[in-house]
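Biologist: I'd like to learn how to read this model. Could you take me through it feature by feature?

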Amino acid sequence: MNETLNYAKRLIISEFEHFLLDKLIAKERYYTIMRSTANCNNWSGIRNELEAKEGIKISDSELSNYLNHLLDSSWLTKVDDRYCPSESLIADSSPPWKVEGSLPEGSSFPPSIRDYISHMVGSRGSQTAPHLKRGSFHR
């Protein structure tokens, strides 16, 4: 079981790095957002962490853009007014965003990611995740 969990965590890290390939300029901001939302956080809390880390004001449109990319790509979900990883393994996977804590009860991967992980754990193949094949997610 530990081997399967470790494999899934490595897969998550790899897929997040793939997600960031066309976002290299904002890579550290995405890491900060993932760290900030590991235990769920609201808009203001995320903005405060970004601004504290960078020492500059982050505009509403910039933050909205980052959060929408993460939501559209199923890395985050929105629960009421809080942004949370869509699955606890995302929060627990590895630095640079790893922090202690847990997610709200009932959180789980969206079906596309859950199916992909099941497929990868079973086949040990190296394919691109279905949710990353759609061009709209690579903005």
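Modeller: Sure, starting with terms: helices (H or I, at least four residues) and strands (E, at least two) are DSSP runs, numbered from the N terminus. This is a predicted model, where local features need pLDDT of at least 70 and side-chain atom pairs count only at pLDDT 80 or more, while totals for chains, interfaces and linings use all residues. Residues are numbered from 1 along each chain as its sequence is written, and side-chain values use heavy atoms, with hydrogens and water left out.

Biologist: How many helices and strands are there in the protein chain?

Modeller: The protein chain has 7 helices and 3 strands. Along the sequence they run α-α-β-α-α-β-β-α-α-α.

Biologist: How do I read the sheet, and what is the order of its strands?

Modeller: Two strands pair if DSSP finds at least two bridges between them. Here the 3 strands make an open sheet in the order β1-β3-β2, with antiparallel pairing. β1 (41-42) and β2 (76-79) are at the edges with a single partner strand each, so one side of each has no neighbour in the sheet. Between β2 and β3 (residues 82-85) there are 4 bridges, in the antiparallel sense. If you look for T77, you'll find C84 of β3 opposite.

Biologist: And burial? What share of the residues count as buried?

Modeller: Buried means under 20% relative accessible area, exposed over 50%, and partly exposed in between (1.4 Å probe, protein chains only). Of the 139 residues in the protein chain, 42% are buried.

Biologist: Next, salt bridges. How many does the count come to?

Modeller: The rule asks for a side-chain nitrogen of Lys or Arg within 4 Å of a carboxyl oxygen of Asp or Glu. That gives 6 salt bridges. One of them joins R29 and E54, at 2.7 Å from N to O. R29 lies in helix α2 (residues 27-37) and E54 in helix α3 (residues 43-54), so this pair ties together parts 25 residues apart in sequence.

Biologist: Which residues are linked with R29 in a network of salt bridges?

Modeller: E54 and E62 are linked with R29 in that network. The closest N and O atoms of R29 and E62 are 2.9 Å apart. This pair also links distant parts of the chain, with E62 in helix α4 (residues 60-72), 33 residues from R29.

Biologist: Are these three buried or partly exposed?

Modeller: R29 is buried, at 12% relative accessible area. E54 is partly exposed at 31%, and E62 is partly exposed at 29%.
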